[in-house]
Amino acid sequence: MAPASGFWLLGYAAVAIIALIVLIARYRLNPFIVITLVSVGLALMAGMPPSGVVSAYEAGVGKTLGHIALVVALGTMLGKLMAESGGAEQVARTLIDRFGERNAHWAMVCIAFLVGLPLFFEVGFVLLIPIAFTVARRVGVSLLMVGLPMVAGLSVVHALVPPHPGAMLAVQAYQASVGQTLLYAILIGVPTAIIAGPVYARFIVPHIHLPAENPLERQFIAREPRPRLPSFGLTMATILLPVVLMLIGGWANLLAEPGTGLNQFLLFIGNSVIALLVATLVSFWTLGLAQGINRESILKFTNECLAPTAGITLLVGAGGGLNRILIDSGVTEQIVGLAHEFQLSPLWMGWLFAVLMRVATGSATVALTTASGVVAPVAVGLGYPHPELLVIATGAGSVILSHVNDGGFWLVKEYFNMTVTQTFKTWTVLETLISLIAFGLTLGLAELL
């Protein structure tokens, strides 16, 4: 089959994106299967040799998983030790004591922002929801008043802030500096989390009336307290260790002359995999052995926590396979040409592609990694000078319009005991606010740089 022309290539790519959205969102088919089928179909329609289609798709999957699987595994292990040791609970208690019960909604967004750094959204949510139940009951407010700021903080760090796997893969795709990305992400993420969390909660909570009884609340309120918790300082030091190491790596060329042994060492420990590996090993002591958790239990925790990550890891890999097909088929070259012709900013491209993939797959991580893979060669072709802002813009697009194909949608609905309509009014709007505010701030920062 002859390769397709530019016009038809873009048409096939548009059909592929629409097919993704319809098959996953409307017909509720398995996203991994759909992405694989659409990738193969797009390659064949674009005129790629049939003998090379599968190998191209496999190469894309392998390249993506080669990095992301390590980050996911190490981050999940670190999160598991935080949960089992009670470290996250200690952080929550300390911050609530400092803020005061009446400012618990501000405390919860801070807790989520800090504790969520090394965790997937779902892990952080399950980790912190018992605290939200307890605080809401103690203060006498709706669960949404503390719960919405909590999910806002978790979602912002999930989408924008390294060392989250999606953000780290986008950093790699755009060849951005981890340190600068982290700095910009915090500058943009903090006001975004505040507006979408505590501020929006103040507005929407009076209009949402939850049932008096929450079936899940009793089991968390009635659970026995942990006999021993790690200190606040020790827990925070462990959580922030990978962030500090990556910051050091990002500024390695400023701290030591490039090419020297010290410079190479700083770059090595600042690598996301090495930083998370070091932090995970440290957590075995600080959150494990030092808290009376024996080696057998640590082994059990680190083994059992990996199973739930298999699905998201496969989806991210499939997104990488689709990226490779889009590149090898020539679609990205056509997009570069259009960007030149219409002078479309790569920031807008990253955000828009992430929005499309988010609506199609329901996964912020998949949307972020897929969109960054598509836009990265375009940005390189255009010579865009701020790859760190591309990471944040793409991350902002990856959280918009969460709906029924997003696991987080159902997680929030069930734990907060809301109807589907109420979940759209709270969670979906909150996610969309995060996307729009973060992208707007990114555009503003781009004008200043």
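Glu-304 and Lys-300 both belong to helix α15, which spans residues 295-304, and they stand four residues apart, or about one turn of the helix. In this predicted model, the two residues form a salt bridge in which the closest N and O atoms are 3.3 Å apart. Glu-304 has a relative accessibility of 36% and therefore counts as partly exposed, and Lys-300, with a relative accessible area of 48%, is likewise partly exposed.

This pair belongs to a set of three salt bridges found when the whole structure is searched. Another of them joins the side chains of Asp-328 and Arg-324, with a distance of 3.0 Å from N to O. Here too the partners lie within one helix, α16 (residues 310-328), and are four residues apart, about one turn of the helix. Asp-328 counts as partly exposed because its relative accessibility is 37%, and Arg-324 is partly exposed with a relative accessible area of 32%.

The salt bridge between the side chains of Glu-431 and Arg-358 also has an N to O distance of 3.0 Å. Glu-431 lies in helix α22, whereas Arg-358 lies in helix α18 (residues 346-361), so this pair ties together parts of the chain that are 73 residues apart in sequence. Glu-431 counts as buried because its relative accessibility is 2%, and Arg-358 is buried as well, with a relative accessible area of 3%. Both values fall under the 20% limit below which a residue is called buried.

Turning to the chain as a whole, the secondary structure consists of 22 helices and zero strands. The radius of gyration is 22 Å, close to the 22 Å that the globule rule gives for 449 residues, so the chain is as compact as a globular protein of that length. Taken along the principal axes, the C-alpha atoms fill a box of roughly 70 × 55 × 45 Å. Of the 449 residues in the chain, 56% are buried.

Two buried residues illustrate this interior. Gln-90, in helix α4 (residues 87-99), is buried with a relative accessible area of 17%, and its side chain reaches the backbone oxygen of Pro-230 at a distance of 3.1 Å. Met-168, which has its place in helix α8 (residues 165-174), counts as buried because its relative accessibility is 3%. The C-alpha atom of Met-168 is separated by 25 Å from that of Glu-333, a residue 165 positions away along the chain.

Helix α9 combines several features. At the N-terminal end of α9, Ser-177 acts as a cap, with a side-chain oxygen that lies 3.4 Å from the backbone nitrogen of Gly-179. Farther along, α9 has a kink of about 25 degrees at Gly-189, shortly before the proline Pro-191. Helix α9 (178-204) also contributes to a nonpolar patch, to which α9 and α12 (252-255) each supply at least two residues. The patch is formed on the surface by Leu-183, Leu-187, Trp-251, Leu-254 and Leu-255, which together have about 520 Å² of accessible area. Among these residues, Leu-255 lies in helix α12 and counts as exposed because its relative accessibility is 54%, a value over the 50% limit for that class.

Two loop residues remain to be described, and both concern the backbone angle phi. Leu-401 is found in the loop between α20 (387-397) and α21 (407-416), and its phi is near 50 degrees, a positive value in a residue other than glycine. With a relative accessibility of 40%, Leu-401 counts as partly exposed. Asn-417 has its place in the loop between α21 and α22 (420-448), and phi of Asn-417 is near 60 degrees, again a positive value in a residue other than glycine. Asn-417 counts as partly exposed because its relative accessibility is 22%, which lies between the 20% limit for buried residues and the 50% limit for exposed ones.

Notes:
Residues numbered from 1 in each chain as written. Predicted model: local features only at pLDDT ≥ 70, side-chain atom pairs only at ≥ 80, totals over all residues. Heavy atoms only, no water. Patch = residues over 30% accessible without salt bridge, like charges linked within 9 Å, V, L, I, M, F, W, Y side chains within 5 Å. Areas by Shrake-Rupley, 256 points an atom, 1.4 Å probe, with all protein chains shown as cover. Salt bridge = Lys/Arg side-chain N within 4 Å of Asp/Glu carboxyl O. Buried < 20%, exposed > 50% of the residue type's maximum accessible area, 1.4 Å probe, protein only. Bend = angle between axes of the 7 residues up to and from the residue. Polar contact = N/O pair within 3.5 Å; in protein donor to acceptor, adjacent residues only side chain to side chain. Rg over C-alpha atoms; globule rule 2.2 N^0.38 Å.
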